[in-house]
Amino acid sequence: MSSEEDVLTMAEATQEYPEEWLAMRVTRRDSNGQPMEGVVIAHDKDKRLIRTSTIREREICIFYAGQSPVWVMI
Amino acid sequence: MISMPLVYPALLMAKFTGPSGLKRELRTLVRPGAPYCVIDREDAYRMGFVQAVMDMGPMHYELPPERIPWMATTTGMLEAPIFTLAEVSVGDLSAKRVDTLAFDLPDATRIDAVLGETFLSNFTVTFDYRKRQLRLE
């Protein structure tokens, strides 16, 4: 877990927790309303566990910190 | 208006609000060909849709058949229950009462949700391939 003071950009969070799922409380957004910065409140390699550990959060942003494998949708 | 570089796959962060008011902002694929929005069953369950995890057949979903559509995929036929999200939004664009499928997307894609026509039909959506721009307005 991180302290409330640890505001990270999305890129910094991705670098800090590579290839993990992150739950972030967003503190700043860009002109499209997309998250730019926030506080990482949980991180885990397991997509399901990140959901469980943030169950009490009313509003949270969840994303995978890393590159998606190359894929195409058909 | 949302205007961002068009890359493949077209991903953005969208906010999904369940009937209970729980909000989850998720990495989301913009997919105009999809008739419904999609979120993972666990997220649907957390948002108050208990039927999302009752996957033992249509009888156990306790929903009318029209709320459990069959989906044709390249590998077969699948069924998934529809539930109604209180709101879906991207930036300052939002739509209320959005029908959404509770369906687990492949983990390997690293995406958590799909924006389909139940959301996109509320807006003008432009895939400008020449300028490499995606716009929603």
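**Exercise 1.** Over which ring does the charged end of Arg110(B) sit?

*Solution.* In this predicted model, begin at the charged end of Arg110(B) and follow it to the ring of Tyr64(A), whose centre is 4.2 Å away. A charge counts as sitting over a ring if CZ of Arg is within 6 Å of the ring centre and within 35 degrees of the ring normal. Turn next to chain A, where Arg51(A) lies over the face of Trp21(A), at 5.9 Å from the ring centre.

**Exercise 2.** Classify the aromatic pair formed by Phe127(B) and Tyr129(B), and give the exposure class of each residue.

*Solution.* The search of the whole structure yields four aromatic pairs over all chains. One of them joins Phe127(B) and Tyr129(B), with 6.3 Å centre to centre and 25° between the planes. Centres must lie within 6.5 Å for a pair, and planes under 30 degrees apart count as stacked, so this pair is stacked. For exposure, Phe127(B) has a relative accessible area of 22% and is therefore partly exposed, whereas Tyr129(B), at 55% relative accessibility, counts as exposed because the cut-off for that class is over 50%.

**Exercise 3.** Describe the architecture of chain A, from its elements to its contacts and surface.

*Solution.* First, list the elements: chain A has two helices and four strands, which run β-α-β-β-α-β from the N terminus on. Next, consider burial, for which 39% of the 74 residues of chain A count as buried. Then take the contacts in chain A between residues at least 6 apart in sequence, of which 54% join residues at least 24 apart. Finally, the accessible surface of chain A comes to about 4,300 Å², with 51% belonging to carbon and sulfur atoms.

Key: Residues numbered from 1 in each chain as written. Chains lettered and ligands numbered in written order. Predicted model: local features only at pLDDT ≥ 70, side-chain atom pairs only at ≥ 80, totals over all residues. Heavy atoms only, no water. Phe/Tyr/Trp six-rings, centres within 6.5 Å; stacked < 30°, edge-to-face > 60°. Buried < 20%, exposed > 50% of the residue type's maximum accessible area, 1.4 Å probe, protein only. Contact = heavy atoms within 4.5 Å. Areas by Shrake-Rupley, 256 points an atom, 1.4 Å probe, with all protein chains shown as cover.
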